[in-house]
Amino acid sequence: VQPENLLLNVGIRSRLLAKWVYWFFMVAFYNRSDLVIAPSEFAAQELLAHGLTKPVEVISNGVPGRFFEIQRDVIPEKKTEGGLLKILSVGRLAKEKQQALLLRAIAGSRFRESIELNIVGTGPRENELRRLAQTLNINARIEAVSDEVLSKLYSEADLFVHTGEIELEGMSVMEAIASANAVLVSDSKDSAIARLVTDERARFINDNVVNLSEKIDYLLEHPEERQALATANREGVKNLSHSKSVVQLTSVYEALLADAKASVGITQIE
């Protein structure tokens, strides 16, 4: 858990206080462990930078195989001259996820009348986001959906947008990438996603509604570039499958248990 997640949810933005919370986590949890498992290299470096003294292993939460099985068109249809342009965003409806930024960016898009937005998730800002979408008069659905419907939304999306500024790994972005979506993400330095998605066409300036709107318009206007980004993305996360993570995690647990047995002189009897 990043302290920033906790603090922003109660309306506090303070680097000093975040450092204090990190210190508390280190004393109470992390530095009492034999081994710490981090979901990304970004997460591991954050822990080390804030005083972790125990060994740390990086093992992704992993993307379930069903997302890699989602089929999409080879070249997305160019819809900017007619038809709906489908934008998808998935995540907890909370302040640090910044979905309000996405709503305002779409309101400023040249294609706002053609955009169908799906924001999938639940959270404390659900009603607030629905009211904002109504006020801005944009075509947006904000709701939780089943796994089956979510897979369908991934397969049909023209663009996946994630506005979150604080992410230890970014599971929804990894799911979208595995589903062969072009993604657009924040360049926030407090997010692991900025290190996963490095193409500048797929990154917007954090908390900048004008830049986000411009990036959305550019990618919607260039389906061939979206496809190129999607193809490269999917290839890049093949090594982050859920099954591979399970194997890695099992291996780490077995090694840790073997070390613990050896330290107390326990030998296995065949």
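Patches, in the sense used here, are made of residues with over 30% relative accessible area and no salt bridge, with nonpolar side chains joined within 5 Å. In this predicted model, Ile12, Leu17, Trp20, Trp23, Phe24, Val27 and Phe29 form such a nonpolar patch on the surface, and together they have about 690 Å² of accessible area. One of these residues, Ile12, lies in the loop between α1 (3-9) and α2 (15-28). Ile12 has a relative accessible area of 34% and is therefore partly exposed, a value that passes the limit of over 30% required of a patch residue.

## Sheet and strand β3

The strands of the open sheet, 6 in number, follow the order β5-β4-β3-β6-β7-β8 and pair in parallel. At the edges stand β5 (140-143) and β8 (203-204), each of which has a single partner strand, so that one side of each is left without a neighbour in the sheet.

Strand β3 runs parallel to β4 (residues 115-120), to which 6 bridges join it, and in this pairing Val90 stands opposite Val120 in β4. With strand β6 (residues 159-162), β3 shares 2 bridges, again in a parallel arrangement, and here Leu88 is the residue that stands opposite Phe160 in β6. Strand β3 is mostly covered, since 5 of its 6 residues are buried.

The loop that precedes this strand, between α4 (65-68) and β3 (85-90), holds Gly83, which is partly exposed because its relative accessible area is 48%. The C-alpha atom of Gly83 is separated by 65 Å from that of Ala262, a residue 179 places apart from Gly83 along the chain.

## Nonpolar cores

The largest nonpolar core consists of 51 residues, and Ile87, Tyr154, Leu159 and Ile216 are those with the most contacts inside it. Helix α5 (residues 99-107) supplies the largest share of this core, namely 7 residues. A second, separate core has 8 residues, among them Phe25, Val36, Leu47 and Leu52.

Which residues does Ile87 contact, leaving aside its neighbours within four places in sequence? The partners of Ile87 are Ile106, Ile115, Glu116, Leu117, Asn118, Leu159, Val161, Ile216 and Leu220. Two residues of this list, Leu159 and Ile216, also belong to the group with the most contacts inside the largest core.

## Salt bridges

Side chains of opposite charge can pair when their charged atoms come close. The count for this model comes to 15 salt bridges, and three of the pairs are set out below, each with its N to O distance.

| Pair | N to O distance |
|---|---|
| Lys97 and Glu167 | 2.6 Å |
| Glu200 and Arg203 | 3.4 Å |
| Arg125 and Glu128 | 3.6 Å |

Lys97 lies in the loop between β3 and α5 and Glu167 in the loop between β6 and α8 (171-178), so this salt bridge ties together parts that are 70 residues apart in sequence. Both Lys97 and Glu167 are buried; Lys97 falls in that class because its relative accessibility is 13%, where buried means under 20%. Apart from its neighbours within four places in sequence, Lys97 is in contact with Arg92, Thr163, Gly164 and Ile166 as well as with Glu167.

In the pair of Glu200 and Arg203, Glu200 counts as exposed because its relative accessibility is 52%, whereas Arg203 is buried, with a relative accessible area of 16%. In the pair of Arg125 and Glu128, Arg125 is partly exposed at 28% relative accessibility, and Glu128 is likewise partly exposed, with a relative accessible area of 38%. Elsewhere, Lys86, Lys152 and Glu156 are linked in a network of salt bridges.

## Backbone

Gln98 has a phi near 60°, which is a positive value in a residue other than glycine, and Asn137 also has a phi near 60°. Gln98 has its place in the loop between β3 and α5, while Asn137 is found in the loop between α6 (126-136) and β5. Is each of these residues buried or exposed? Gln98 counts as buried because its relative accessibility is 10%, whereas Asn137, with a relative accessible area of 63%, is exposed.

Key: Residues are numbered from 1 along each chain as its sequence is written. This is a predicted model: local features need pLDDT of at least 70, side-chain atom pairs count only at pLDDT 80 or more; totals for chains, interfaces and linings use all residues. Side-chain values use heavy atoms; hydrogens and water are left out. A nonpolar core is a set of buried Ala, Val, Leu, Ile, Met, Phe, Trp, Tyr and Cys residues joined through side-chain atoms within 4.5 Å. Buried means under 20% relative accessible area, exposed over 50%, partly exposed in between (1.4 Å probe, protein chains only). Helices (H or I, at least four residues) and strands (E, at least two) are DSSP runs, numbered from the N terminus. Contact means heavy atoms within 4.5 Å. Patches are made of residues with over 30% relative accessible area and no salt bridge: like charges are joined within 9 Å, nonpolar side chains (Val, Leu, Ile, Met, Phe, Trp, Tyr) within 5 Å. Accessible areas come from the Shrake-Rupley method with a 1.4 Å probe; for residues, only the protein chains shown count as cover. A salt bridge is a side-chain nitrogen of Lys or Arg within 4 Å of a carboxyl oxygen of Asp or Glu. Two strands pair if DSSP finds at least two bridges between them.
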